[in-house]
Amino acid sequence: MQNLTIAQTLTMSSREIAELTGKRHDHVLRDCRKMLEALNIQSPQIWGDYQDSSGRIYQEALLDQDLTMTLVMGYSIELRHKVAKRWRELEEQAKKPAIPQTYPDALRLAAELAEEKQRLALVNKKQEEEIHCLQNLFQTGMTPVQFCKQLNGVNIMGVNLFLAERNFLYDGQQEENKPYEWRVKAYARDKYFTEMVVTVNTEKGKKKFYEVILLKEGAKWLYRHYLKGELPMKKSWNKLFTRLC
């Protein structure tokens, strides 16, 4: 399983926690969401995506040591011990020197770093060119669904659910057998999305509801994930992406 060191912060994936504890990954994710909600932690950086052997994209959580140990606190002593032991292994691995020990190793590392730097520069240049042309699709006041309608192959029926799974939106209705009333999480409001109150006339009189409005940073986020093929896509998608320029 993949563990990441991001900005010097060691993390453990929910997939590895599931493997260590013998629990189903979806159950571990459920426990993660309950824990984060109880701690009032709302950070998209915790959530990542991984690709299975069939190329399907699924969600995972990347937890630091405090969150990992908090998560497994309710598990059995044996399972907590397995996770704690694995953390010690990860910390020992992180302490190992990254400096090459021989001249050939140094040459190989230098070549790999140069290739990676060049690759990232090309990727960043391509993405910046695409984002620069975002105004061709993005219009002030449009919803995420309206934006994604312009992107070839996107299953727009799943867009808001996709955003909810990534902790951007939540269902303000909170009642069974009623349609979703999407609201924007506080940390994402006025940065990625905003809300607009809409009034409609019904048989019972006027009714107000909220409509999620896309902001430019949110459009950038959606488009980057679209180029990675990570948005909900139609089965009939022809693998061609809509280009902005």
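Visitor: Is Thr 242 buried or exposed, and what is its relative accessible area?
Guide: The model is predicted: local features need a pLDDT (the predictor's confidence in each residue, from 0 to 100) of at least 70, side-chain atom pairs count only at pLDDT 80 or more, and totals for chains, interfaces and linings use all residues. Residues are numbered from 1 along each chain as its sequence is written, and side-chain values use heavy atoms, with hydrogens and water left out. Buried means under 20% relative accessible area, exposed over 50%, and partly exposed in between (1.4 Å probe, protein chains only). Thr 242 is therefore buried, with a relative accessible area of 17%.

Visitor: Which residues does Thr 242 touch, not counting residues up to four places away in sequence?
Guide: Thr 242 lies in the segment after H8; helices (H or I, at least four residues) and strands (E, at least two) are DSSP runs, numbered from the N terminus. A contact means heavy atoms within 4.5 Å. With residues up to four places away left out, Thr 242 touches Leu 137, Gln 150, Leu 151, Asn 152, Tyr 223 and Tyr 226.

Visitor: How far apart are the end C-alpha atoms of helix H8?
Guide: H8 covers residues 216–227, twelve residues. The expected span of a helix is 1.5 Å times one less than its number of residues, so H8 should span 16 Å. The model agrees with that, as the end C-alpha atoms are separated by 17 Å.

Visitor: Which residues of H8 are buried?
Guide: Just after H8, Gly 229 has a positive phi of about 75 degrees. Within H8, the buried residues are Gly 218, Ala 219, Lys 220, Trp 221, Leu 222, Tyr 223, His 225 and Tyr 226.

Visitor: Which element gives the most to the largest nonpolar core?
Guide: A nonpolar core is a set of buried Ala, Val, Leu, Ile, Met, Phe, Trp, Tyr and Cys residues joined through side-chain atoms within 4.5 Å. The largest one has 30 residues, and Phe 147, Leu 151, Leu 163 and Leu 231 have the most contacts inside it. Two or more residues come from each of H6, helix H7 (159–165), strand S7 (182–184), strand S9 (205–214) and H8. The element that gives the most, with five residues, is H8.

Visitor: How many residues has the second, separate core?
Guide: Ile 17, Leu 67, Val 83 and Trp 87 are included in this second core. Its size in residues is 21.

Visitor: What separates the C-alpha atoms of Val 154 and Tyr 226?
Guide: Val 154 sits in the loop between H6 and H7 and is buried, at a relative accessible area of 3%. Beyond four places in sequence, Val 154 touches Cys 148, Val 159, Tyr 226, Leu 231, Pro 232, Met 233 and Lys 234. Val 154 and Tyr 226 are 72 residues apart along the chain, and their C-alpha atoms are separated by 8.2 Å.

Visitor: How far apart in space are Leu 36 and Ile 46, C-alpha to C-alpha?
Guide: Leu 36 belongs to helix H2 (residues 25–38) and counts as buried at 4% relative accessibility. Leaving aside neighbours within four places, Leu 36 is in contact with Ile 41, Ile 46, Trp 47 and Leu 67. Leu 36 and Ile 46 are ten residues apart in sequence, and their C-alpha distance is 9.8 Å.

Visitor: Is Asp 190 buried or exposed, and at what relative accessible area?
Guide: Asn 167 serves as a comparison: its phi is near 70 degrees, positive in a residue other than glycine, and at 14% relative accessibility it counts as buried. Asp 190, in the loop between S7 and strand S8 (193–202), also has a positive phi near 70 degrees. Asp 190 is exposed, with a relative accessible area of 59%.

Visitor: What does the count of disulfides come to?
Guide: Cys 32 is buried at 0% relative accessibility, and Cys 148 is buried at 0%. A disulfide is a pair of cysteine sulfur atoms within 2.5 Å. By this rule the count is zero.

Visitor: Which element of the protein chain has the highest mean pLDDT?
Guide: The mean pLDDT of the protein chain is 84, with 88% of its residues at 70 or more. Its secondary structure comes to eight helices and nine strands. The lowest mean among these elements is 39, in strand S1 (residues 5–6), and the highest is 95, in helix H6 (residues 144–148).
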